[in-house]
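This briefing walks through one protein chain, topic by topic, for a reader who has the sequence and the coordinates at hand. Please look over the structure before going on to the points below.

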Amino acid sequence: MTYVIHGATGAQGAPVVAALAAAGRTVTALTRNPDAVVPGAQHVVAAGYSSAADLTDAYRGAEGVFVHLPVASEEDRQTYAHNILTAVREGRPDRVVFSTSGFPIDPAIGGAAATLAVGLADSGVSHAVIAPELYLENLLMPHVIGSVRERGVLPYPIRADFPVSWASHLDIADAAVALLDRTDVTGVVSVGQYPAITGPDLAEAFGARLGRDVVFDQITAEEFRTSMAPLIGDGPAADIAGAYQAMSAMPGRSIAPETSAQKLLGVTPRTTSQWLADIGL
């Protein structure tokens, strides 16, 4: 039996591979490159989101699957979600853990993440959904961390008083490994810091780590889009900027304690200071 990990060389998948390997589990890494070297994985399989047949072959006989949807156009993401669901229904892995990557899963809102979450619930396969809010790794984008280092300013497109239950990819890996074992826990598991923290709280943690004053600066969603576009492309950058623009009307993005990893799994996400130490910043 093996655990199949999507995006095994990427930001979310690689920490899951490492955590499973540390626990002595057999890992099959899914990548687009069959020659990729994936530390901790016993098998590397070239299987893309665009092929339901390849995914079905990869899922068949698996003890668990960890999946998330990549940053792409919404049309592509919908295609990927449907292919994953076809593979789940036909391959019948024992367990599926899906990370929403912070995208909404409310069917009334729609979107590929909602399509995948609803489809998993209807698949008859044991599953759980990891629901983070925002990733601390977003703060490592060059235009953000560069500003912190060079100017002592942490720029981000949220209000200074906007509380967020930030989580790291390392926290997602901790929750994913726990959920691959804990088949008694189903449905949505919220992952993130609780109580939620604000932008100035983030800046304070960066300042303490770097030994200098750091202040938070609210930038516009358009400024964020302009900075992201060279990294991820114009379309995905526009989609993400639109999500941040919508956040401007929200009171915050805090997890619900009753569905938290802290309560359901006994897994407590890192503080910002702990995360900064873990990544060696």
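A residue is called buried when its relative accessible area is under 20%, exposed when that area is over 50%, and partly exposed in between. By that rule Arg-92, at 41% relative accessibility, counts as partly exposed. The model is a predicted one, and the mean pLDDT of its chain is 94, with 100% of the residues reaching 70 or more.

**Confidence and annotation**

- Among the elements of the chain, strand β5 (residues 95-99) has the highest mean pLDDT, 98, while helix α9 (residues 234-247) has the lowest, 87.
- An unreviewed UniProt entry carries the annotation "domain: NAD(P)-binding", which covers residues 7-101.
- The span of residues 7-101 is 38% helix and 20% strand, and the C-alpha atoms at its two ends lie 13 Å apart.

**Two domains and the area between them**

- The domain assignment divides the chain into domain 1, residues 2-125, and domain 2, which is made of the segments 133-166, 192-255 and 270-280.
- Taken over C-alpha atoms, the centres of domain 1 and domain 2 are separated by 27 Å, and seven residues of domain 1 are in contact with seven residues of domain 2.
- Between them, domain 1 and domain 2 bury about 450 Å², of which 58% is on carbon and sulfur atoms.
- Val-71, Ser-101 and Gly-102 supply 59% of the area that domain 1 buries against domain 2, more than any other three residues.

**Backbone features**

- Ser-101, one of the three residues just named, is placed in the loop between β5 and α4 (112-121), and its phi is near 60 degrees, a positive value in a residue other than glycine.
- Because its relative accessibility is 18%, Ser-101 counts as buried, and the cut-off that applies here is under 20%.
- Arg-92, in the loop between α3 and β5, also has a positive phi in a residue other than glycine, near 50 degrees.
- The peptide bond that leads from Tyr-194 to Pro-195 is cis, with omega near 5 degrees, and Pro-195 belongs to the loop between β8 (187-191) and α7 (199-210).

**Buried positions in domain 1**

- Thr-28 has its place in strand β2 (residues 27-31) and counts as buried because its relative accessibility is 8%.
- Leaving aside neighbours within four places in sequence, Thr-28 is in contact with Thr-2, Tyr-3, Val-4 and Ile-5, and also with His-43 and Val-45.
- Arg-77 sits in helix α3 (residues 74-91), and with a relative accessibility of 3% this arginine counts as buried.
- With neighbours within four places in sequence again set aside, the contacts of Arg-77 are Leu-69, Pro-70, Ala-72, Phe-103, Ala-112 and Ala-113.

**Val-191 and Ser-260**

- Val-191 lies in strand β8 and, at 1% relative accessibility, counts as buried.
- Beyond its neighbours within four places in sequence, Val-191 is in contact with a list of residues including Ile-130, Ala-131, Pro-132, Glu-133, Ser-165, Asp-171, Ile-255, Ala-261 and Pro-269.
- The C-alpha atoms of Val-191 and Ser-254 are separated by 9.8 Å, although these two residues are 63 residues apart along the chain.
- Ser-260 lies in the loop between α9 and α10 (261-264), and its relative accessibility of 3% is why it counts as buried.
- Apart from neighbours within four places in sequence, Ser-260 is in contact with Val-189, Ser-190, Ile-255 and Leu-265, so that Ile-255 appears among the contacts of both Ser-260 and Val-191.
- A polar atom of the Ser-260 side chain lies 3.1 Å from the backbone nitrogen of Lys-263.
- The C-alpha atoms of Ser-260 and Gln-193 are separated by 9.4 Å, and these residues are 67 residues apart along the chain.

Key: Residues are numbered from 1 along each chain as its sequence is written. This is a predicted model: local features need pLDDT of at least 70, side-chain atom pairs count only at pLDDT 80 or more; totals for chains, interfaces and linings use all residues. Side-chain values use heavy atoms; hydrogens and water are left out. UniProt positions are given in the numbering used here, feature names are shortened, and annotations may be inferred rather than shown by experiment. Helices (H or I, at least four residues) and strands (E, at least two) are DSSP runs, numbered from the N terminus. pLDDT is the predictor's confidence in each residue, from 0 to 100. Buried means under 20% relative accessible area, exposed over 50%, partly exposed in between (1.4 Å probe, protein chains only). Contact means heavy atoms within 4.5 Å. A polar contact is a pair of N or O atoms within 3.5 Å; within protein, one must be able to donate a hydrogen and the other to accept it, and residues adjacent in sequence count only if both atoms are side-chain atoms. Domain bounds come from an automatic or database domain assignment. Buried area is the accessible area (1.4 Å probe) that two parts lose on being put together, summed over both.
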